[in-house]
Structures are given as structure tokens and as C-alpha cells.
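Hi,

Here is the model we talked about, ready for you to open. Have a look at it first, then read on for what turned up.

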Protein chains: 2
Amino acid sequence: MPETARRGDRIAASRYGNRPTMKDVAARAGVGLKTVSRVVNGEPGVTPDTERRVQEAIDALGFRRNDSARVLRKGRTASIGLVLEDLADPFYGPLSRAVEEVARAHGALLINGSSAEDPEREQELVLALCARRVDGLVVIPAGDDHRYLEPELKAGVATVFVDRPAGRIDADVVLSDSFGGARDGVAHLIAHGHRRIGFIGDMPRIHTAAERLRGYRAAMEDAGIAVADTWMSLGVTDPERVRRAAEEMLAGPSPVTAIFAGNNRVTVTVVRVLAETGRPVALVGFDDFELADLLRPGVTVVAQDAAALGRTAAERLFRQLDGGPLGPERIDLPTRLIQRGSGELPPAP
Amino acid sequence: MPETARRGDRIAASRYGNRPTMKDVAARAGVGLKTVSRVVNGEPGVTPDTERRVQEAIDALGFRRNDSARVLRKGRTASIGLVLEDLADPFYGPLSRAVEEVARAHGALLINGSSAEDPEREQELVLALCARRVDGLVVIPAGDDHRYLEPELKAGVATVFVDRPAGRIDADVVLSDSFGGARDGVAHLIAHGHRRIGFIGDMPRIHTAAERLRGYRAAMEDAGIAVADTWMSLGVTDPERVRRAAEEMLAGPSPVTAIFAGNNRVTVTVVRVLAETGRPVALVGFDDFELADLLRPGVTVVAQDAAALGRTAAERLFRQLDGGPLGPERIDLPTRLIQRGSGELPPAP
DNA sequence: TAGAGCCTGGACAACGTTGTCAGATGCGGG
DNA sequence: CCCGCATCTGACAACGTTGTCCAGGCTCTA
């Protein structure tokens, strides 16, 4: 008996999920549909008396405009998408917050998701956001091929990449100067007398990791130091492997006297290892982190401004939205070396 | 000449924003509209050959289904809203991430925003999410009156409050045991010989702050200690005022020998102050934070599990969505005292 | 080879809103 | 007293998708 089944569905649906529409409000207030729309949107041309009647009906029914329908009609969603790597990573908190503030200032909502550093998941997420018809996208890319975004770009979805450049596609990108920052950090260690300096970083597949490695090599080369393979550890971020990598560098006949850590998670783990071994090994980390100043010694870092990255990207996004696409541009934000002690230790004999 | 103006608008709109629809795909593939819909949604009843033709047209045009229209038709949006206090606060990173993971497992997207601890902004945000017709809401409340949500609850919007209870409304809530945690933390200090113990926390208007204060008072009373007004500092979280509050407690003829800090931001500031003064004052903080173990002394904390809060709330949300509303329930998650040194210091003479 | 039944494809309405346009109402002036 | 005008209101189509329902063509069997 399909009739009954259908009836049943309808009842269930109306019990949870059916909300009053403008039509309902109009009926209750004894006015036309469009008049309700006018009141809801604060359009002119409604007598105060009519407006009051409509407003009463709205309150009585608990009506809320259905933005899905509105979006369908108007074309713009007043929402932007943010795809980042991991919300739980403290680096992305301020970035995300900055993007949100800018979005809010432009009356837009933020839809976000984490790619967990998985290119496939990134694409899935981005396309889901596009299906929602977000007006724009801020993406911290996990993958290195973003050609799947071509139709979106052509259709005018404003897009800005942050922290790492887009792959095989022309798009705006906002970066920290990873190369220069790493070079400066390593040069700082060299200036304090170190020659055997270790590097622990992420997979070179990741642009920032590659750039930081390049900065490390450049600084070493500038100082005329040949780098031993055993000083470099790439593609290593989980605490257990970082720990092993650090311990290996510190063992052997000619151990490193200083370590450059490629990102804040690596830095923290290295701090732990050094605290345990108790050896006075110098350390400079890429990325600042909370409480770095409270440790003993304080941790010297190459700081990037996560909030500025987010703010810059979001502002550029809305400039695209307001004025149509600008030429793709690459914006490099400077880094800053903060000396706190760990980077100024002299080499152990 | 309004004709021209309108024409102009239309061109601009079509240049950026007009995307191919199923109709376009259907025309290009030489099939009917519904057939395209079937292919896009993987419904059965399409010959492989037809499917291939449709798929080619989709790829050629760069078609993406418009989920706004889909939502309008189907009723459910497969998205949930998360309203929290401040994404940049490290406490909310793991919480937010946990909510996202659960949402993802249920095929839903997460839309979020920060209330910045402002009740009005919270309401604005929640209602904007409801207008988007999110299927459910996870709210960390800033205000204490949520009657504005009554129509939404009646309409079946699944809602779970986290970290603080809802005001004047019956709804699910997932909390950490603030009272018990604070009482245990303060009792721990008392057990180590302290009697003059300071408390620095947020405004008692905030439920968790009030509960933690209550826990402090309870522990003191249990030990038969009369609390002096000068030992308590309420409504204080910004670093400058926390600093002053701590300094005042430590000055005067009978300074406190231990401090209980009401949340992690307060704790960190107090750590700074104590590090500067160099006095051996005992400290227990509510909320764990990264690196607490690396400080000297390590910081003893009452830890709550932010990820568990988020996970529990989101899971409950989807249980509501799957099975209709359950009775409103309050879930208390236990806290855990982690001894690291700062809470075990004996009172200075 | 004709009829029954299945499989594929398409026409049409509906979701809730907004833009367009035309009708209704009331007012003042001739 | 009637006309013109301004102001307010409502009917209608459209946004892009999906659910329903029906038509046509095919295969299989008798």
C-alpha cells in the first residue's frame, strides 16, 4: 500500500523538518507572499500597519527565511570555504580566526574542513564546497595538482591559496618566506660557531618543506660547509620518528652541535629530546609557538605570522569578489627571527 | 535606458557566476534532464553507453551539481553548525577537529563561527546557521538565554550545547565536571600544606567559571579555611589584569602561597608572573596545555579532554538526527589531575 | 510472430525565495 | 465629481534540482 507509506513519510517529515514558509506567514497575516518577503528583507513600500501584522505572524510561527532558496534565486551564497590541514594544529587556529574575521566583516559565513594532509581528501572537500556554491575558497593545499579547480576558476569562484602554492594552475597565493626564513635561521646558528647542523623537516613534496630545506642548504653553502647526508632527516613529523631522527644525529663519532627544526611540531619534539638528554645542543625552529619564551633556554624561532597570512588571503579573496579577478599574484610575507637563547648556545666541544 | 543597464548586468553575471546546469549537460549529451540527474547521483537505470555520453558532457562543461537547489528540494543540507568562542584559543582546536571528524563520518560539512564571547553575536551566528538550514547545531554558549532557539528545536534542528549549559531552554549539554575538577585541584594544594590559596577566574556569569569558583570554595570549606576576599579575582582573563591580580595576591602582609588558575589562559599568564618574581608559589591550573610538562617546574593541571567533549557532543547530535529527539540529557565528562611539580611545591614560609 | 513485462528515458511539478510587472487603493487638484 | 498620480500590494515566473509518473522500445516466451 504505497499510499499509506507515502502518507507516513510525509507526517514524519512534517514533524521534524517542516518549517513555516513565507506562504504560511502570508496566510496568517492575511497579506500576499511578496509583502512578507519585503518585510523580511527590510525593503521599502510597506505600510507600518501591514509590517506590524506581518511581523506578528513571523514571531508567532517562528519563521526563519530559508537561505537555500534565497541562494538559489540570487546566485550568491555569502559564504566562503576554508580548507586547511588540521584544525587541531595550533598554527591554524589564528589563521582560521583571521579568515573568519574578514569574512564576518564582509557579511559572509565560513565553511571549513581539514584535509588531513591527504590530496584526495582535499579535492573531495573543495568540490563539496563548490557544490555548495561558496563564493570563494581559501585553500591550504595538501596536493600538488589543482587542475580540478579549472572549471571553478572559469566560473568565477574566487580562490586564494595560503601557505603553499597551487599546483599546475594559476591562482593567487599568500606565502611566508620559507626559504629566506630558514636560510636566516641556519645562518644564525653558523654565526654562533656551529658547523655540524642537523635539519629535520617534512616531506619535500610539501612546498614549504622543500623551501626550508633549500634555505638550509643555501646557508650551509654560503658558509662553505659540506652537508653530510646523516644530518638531514626528511619526511619526518610524527613524534616517534622525530625522536629517533634527533637521537641518531646526536649519536655517532661526529654528532651535530645544532638542529634546525622545519616546523613547530618537530621543534617541540626536539625540545623534549634535548631536555631528556640534557646536552647543550643549539636549536632554531621554524614557526613560533606559545610558551616558547618560558622554556629554559627559551626557544629561538623563525616566526611567521599565521594571522597575517589568513587576513591577507581573505582580504585578497574579497577583493576578487568585489572587483572580478585580478591577475594571479604571489604575496610573500616576511618572517622574523626571535632570539630566546636556544639558538645562541655555542657548539659543545 | 534600463534595457541596456539590465543587459549589462546580465552579461557581468554570466561572466562570473553562471555555471552549467544539468539542462546544459543534458542538451550537450542529447539526453533528458532526469537522465543527467540519475548519472550524477549514481542512480540505477542508465545504460553504460548513455552514462558515458553524459559523463563526457559533464567533464567537458565542468559541471558541478548545485547543492543549494538540491537542498531546497530534499530538505536536508548535510551540514552542521558549530558556534564556539574563539577558534584561536588552543582549547577549541581539538574540540572543533573532533566535531569535524564525526561530521565527516556522517557525510556532513561543518560551518562554524566564533561568538567572541558576545551573546548577541552568538545569537546572530546561530540564526544565520539556521537560515542556512543546517541539520544540527553544536553550540558553546556565550549568552545565558537561548529561548530564541525554541522555534528551531520545535522544527527539529538537532542541538547540543558544549562546555556550558543552555539558558532557559531544555537541550542536550555535554560538560566537563568543572566543580569537581576545581575542588580536587584546590584540595590537592591543601593536601600539600597550603592554606592561603588564591583563585583567578573568569566572570561568574560564565557557567564554568562559576562552577570552578564553587569548587574552590567547597574545597576550602571542607578544610575549614575561611576565604579572604583579597584571594579571589573574578572576571579577569586578559593578561594585563591577570598579571595585576596575581601580583596583588602575592603582595601585602599575608600573601597567598598557592594559586588556582581558572583556565589555561590565566594559567599561562600566572606562570609568566611567577617566573619573573622567582618566588616558589604553588600553582594548579584548570585545562591542560601543550608543553606544560616542559616548563620548570612542570605545571600541575586539572585536565579536561577537549576532543572528547567535541566527539561526544557531535555523536549525540547525529543520534538525534538519526532517531528523532531523545530526552534532553546532561553528560558530565570527568577531569583528571595531572601532577607535574608546580602543584606539589610546599608553602613558602 | 504477437503479447507480456521489463528496462530506459523524459515530461512535469514542486521545493521557498526574489524580481518583474501590473493592478488596486487613496489622495489631491482641476 | 472625475482624473491623474503616487503609493502599496499581489500574481507570476524563474532559480536548479529531484520525485513521480508515463511512454516507448526492447527482450523473452508461448
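DNA strand C first, and bear in mind throughout that this is a predicted model. 27 residues surround DNA strand C, and the closest are Met22(A), Ser37(A), Arg73(A), Gly32(B) and Thr50(B). Sugar and phosphate make up 63% of the strand C atoms that come within 4 Å of the protein.

Chain A has several polar contacts to the phosphates of this strand. Met22(A) uses the backbone: one of its polar backbone atoms is 2.7 Å from a phosphate oxygen of DNA strand C. Asn41(A) uses the side chain, with a polar atom 3.1 Å from a phosphate oxygen of DNA strand C. For Arg70(A), an N or O atom in the side chain is 2.9 Å from a phosphate oxygen of DNA strand C.

Which elements supply the surface near DNA strand C? At least two residues each come from α3 (33–40) and α5 (67–74) of chain A, and likewise from α3 (33–40) and α5 (67–74) of chain B. The most comes from α5(A), with five residues. By type, the residues of that surface are eight nonpolar, nine polar and 10 charged.

Now for DNA strand D. Here there are 25 residues around the strand, and Gly32(A), Thr35(A), Thr50(A), Met22(B) and Arg73(B) come nearest. Of the strand D atoms within 4 Å of the protein, 62% belong to sugar or phosphate, and bases make up the rest.

Two threonines of chain A have side-chain contacts to phosphate here. A polar side-chain atom of Thr35(A) is 2.7 Å from a phosphate oxygen of DNA strand D, and for Thr50(A) the distance from a side-chain N or O atom to a phosphate oxygen of DNA strand D is 2.4 Å. What does Lys34(B) reach on DNA strand D? A base nitrogen: a polar side-chain atom of Lys34(B) lies 2.9 Å from it.

Helices α3 and α5 of chain A, plus α3 and α5 of chain B, each give at least two residues to the surface near DNA strand D. The largest share is from α5(B), with four residues. The residues of this surface split into seven nonpolar, nine polar and nine charged.

As for annotation, an unreviewed UniProt entry lists residues 20–74 of chain A as "domain: HTH lacI-type". In the model, that span is 69% helix and 0% strand, and its end C-alpha atoms lie 21 Å apart.

On to the sheets, starting with chain A. There is an open sheet of six strands in chain A, with mixed pairing and the order β7-β6-β8-β9-β10-β12. Its edges are β7 (232–233) and β12 (336–338) of chain A, each with a single partner strand, so one side of each has no neighbour in the sheet. Helix α10 (residues 207–222) of chain A packs on the sheet, where it touches β6 (197–200), β7 and β9 of chain A, and its direction makes about 170° with that of β6(A). Helix α12 (residues 264–277) of chain A lies across β6, β8 (258–261) and β9 of chain A, at about 160° to β9(A).

Within the sheet, β9 (residues 282–286) and β10 (residues 300–303) of chain A pair in the parallel sense over three bridges. Phe286(A) stands opposite Val302(A) in β10(A). The loop between β9 and β10 of chain A holds Pro297(A), and the peptide bond joining Arg296(A) and Pro297(A) is cis, with omega at about -5°.

Chain B has an open sheet of six strands too, in the order β7-β6-β8-β9-β10-β12 and with mixed pairing. Strand β8 (residues 258–261) of chain B runs parallel to β9(B), joined by four bridges; one residue pair there is Ala261(B) with Gly285(B), its bridge partner in β9(B). Helix α10 (residues 207–222) of chain B lies across β6 (197–200), β7 and β9 of chain B, at about 170° to β6(B). Helix α11 (residues 239–250) of chain B lies across β6 and β7 of chain B, at about 165° to β6(B).

Chain B also has a cis peptide bond between Arg296(B) and Pro297(B), with omega of about -5°. Pro297(B) is in the loop between β9 (282–286) and β10 (300–303) of chain B.

One last backbone detail: Arg133(A) is not a glycine, yet has a positive phi of about 60°. Look for Arg133(A) in the loop between α7 (119–131) and β3 (136–139) of chain A.

Cheers

Technical notes
Residues numbered from 1 in each chain as written. Chains lettered and ligands numbered in written order. Predicted model: local features only at pLDDT ≥ 70, side-chain atom pairs only at ≥ 80, totals over all residues. Heavy atoms only, no water. Near = heavy atom within 4 Å. Polar contact = N/O pair within 3.5 Å; in protein donor to acceptor, adjacent residues only side chain to side chain. Nonpolar A, V, L, I, M, F, W, Y, C, P; charged D, E, K, R; others polar. UniProt positions renumbered as here; feature names shortened; annotations may be inferred. Pairing = 2+ DSSP bridges. Contact = heavy atoms within 4.5 Å. Axes fitted to C-alpha atoms, helices over the stretch in contact; angles between N-to-C directions.
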